[in-house]
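Please look over the sequence and the structure shown below before reading on. The report then takes up a few places in the chain, one after another.

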Amino acid sequence: MNDLRSTAADAPARRRGPLTALLTAQYLSAFGNAVTIVTVPLYVFGATGSSIATGLAGFANALPLIFAGAVGGVFIDRIGGRRMSVLSDLFAGVLIGLVPLLDQTAGLPLPLLMGLLFGRTVVATPAQAARLSLMKPLADGAQVRLESANSWFQAAPRLGLVVGAPLAGLLVAVSGSVVGMYVDAASFLVASALVALAVPPAEANPGGGEKLSFVRQLTEGFAVVRTIPVIGAMTAFVFVTNFLDDAFTPLMLPVYAEEVLGDGQYLGWLLAASGCGAIAGTFLYPVLSRRFLSSRRYTLLGCFAVIAALRLLMVLHPGPLLMVTITFASGLAAGPLNPVLSTVMLERVPEELRGRVFGLSGAVAMAAAPLGILCAGWAVDGVGLTTALGCFGTAYFVLILVSLRSRALRDMDAEPGTEAEEKDKEPAHG
């Protein structure tokens, strides 16, 4: 009898293994991506001595981010999130490892280098959506709150950049970019092996039933976004906020450091403060969500209200110390956003459609970034940095006021399968 009780008590702890393996793979993959960001340009410039080739390498490495997520989402639902995660990291590791290997042996012409970098991003992009599609059953099996699991998951890319990028720079400085790229490849391969060995296969084929064409499956993903109001509303909200926000780090902060603070060296401090704040906010959300941030809708809108107020505060041209505090607070407010959104999506999107919906939402987010950067560049050049910051901050508040009246966003706090949601689904089946 004692043995039976001991077995029952230990069962939940043993079931945490798959979730731990998945999260570890997520952090390894995030570290690999951070190493890629550092080593690829240094490697290409060192090998070619050409800034044009280095720019082309960056372009080839970034271009697939716009479409690979949406396309990869279909394959996630066809073959399963576990298999897609394994294959994505496996091929990413092989392709990035081929770059220094070929260069040191058979030679690596520039077109082949561009092709390897392009292919690496194509295969690596769906990995995060694939792992995210597995989170709910693994969190349930580990008896971990979905908010907590999603926070740990979503912290990986932020921690990868804040910690992984400097470590990658140190590695390159000590051992050279070639060693850095092999470490990059190894991180992806280990992540692939972890998921393959420690995450159990799904009980049923997620893409079971009628075999649909690729285009039909992709269309189904768009239909889910349209027919589940809260998913459509969140996707639209993310597009607008990414349009407003994604120009801040690569454009507005550098200009602010040069024009207002008078020295570009402050940019590093501002970026570090923002990244540390985001990590802290992400890890704090599970604790705060139990009581103070229990409403997901008000958490989403409240965090953006804080970010908007801090953007407007920058119009007053605070000094370096206060700006570091502002960017840290902005990152802190941004921390809960991705866990909130991914938790709602995991609860509302049917398991067999999660890959497509996560892939599409990621593609929408990525598509907003270049548009926002382009428009922000025109705004800063046309009306000046201070006015542009004021306009973008005001636009946040307008969006929040409009979103407060959104009936669809109110469903963020409703139980999945409520009457309001089902009523909105009915016309799609009529």
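What follows is a short report on a surface patch and two side chains in this predicted model.

## A nonpolar patch on the surface

A nonpolar patch of about 570 Å² is found on the surface, and the residues that make it are Phe59, Leu63, Ile66, Phe67, Val71, Phe75 and Phe118. One of these residues, Ile66, sits in the loop that runs between α3 (51-62) and α4 (68-79). Ile66 counts as partly exposed because its relative accessible area is 41%, a value that falls between the limits of 20% for buried and 50% for exposed.

## Arg297, a charged residue under cover

Arg297 belongs to helix α15, which spans residues 296-313. Although Arg297 is buried, it has no salt bridge, and the nearest side chain of opposite charge, that of Asp413, is 5.7 Å away, whereas a salt bridge would need the charged atoms to be within 4 Å.

A polar atom of the Arg297 side chain does, however, lie 2.7 Å from the backbone oxygen of Leu404. When neighbours within four places in sequence are set aside, the residues in contact with Arg297 are Ser403, Leu404, Leu409, Arg410, Met412 and Asp413.

## Gln154 in helix α9

Gln154 is placed in helix α9, made up of residues 146-175. With a relative accessible area of 8%, Gln154 is classed as buried, since the limit for that class is under 20%. Apart from neighbours within four places in sequence, Gln154 is in contact with Gln128, Leu132, Thr282, Asn338, Pro339 and Ser342.

How values were computed. Residues are numbered from 1 along each chain as its sequence is written. This is a predicted model: local features need pLDDT of at least 70, side-chain atom pairs count only at pLDDT 80 or more; totals for chains, interfaces and linings use all residues. Side-chain values use heavy atoms; hydrogens and water are left out. Patches are made of residues with over 30% relative accessible area and no salt bridge: like charges are joined within 9 Å, nonpolar side chains (Val, Leu, Ile, Met, Phe, Trp, Tyr) within 5 Å. Accessible areas come from the Shrake-Rupley method with a 1.4 Å probe; for residues, only the protein chains shown count as cover. Helices (H or I, at least four residues) and strands (E, at least two) are DSSP runs, numbered from the N terminus. Buried means under 20% relative accessible area, exposed over 50%, partly exposed in between (1.4 Å probe, protein chains only). Lys and Arg count as positive and Asp and Glu as negative; His and the chain ends are not counted. A polar contact is a pair of N or O atoms within 3.5 Å; within protein, one must be able to donate a hydrogen and the other to accept it, and residues adjacent in sequence count only if both atoms are side-chain atoms. Contact means heavy atoms within 4.5 Å.
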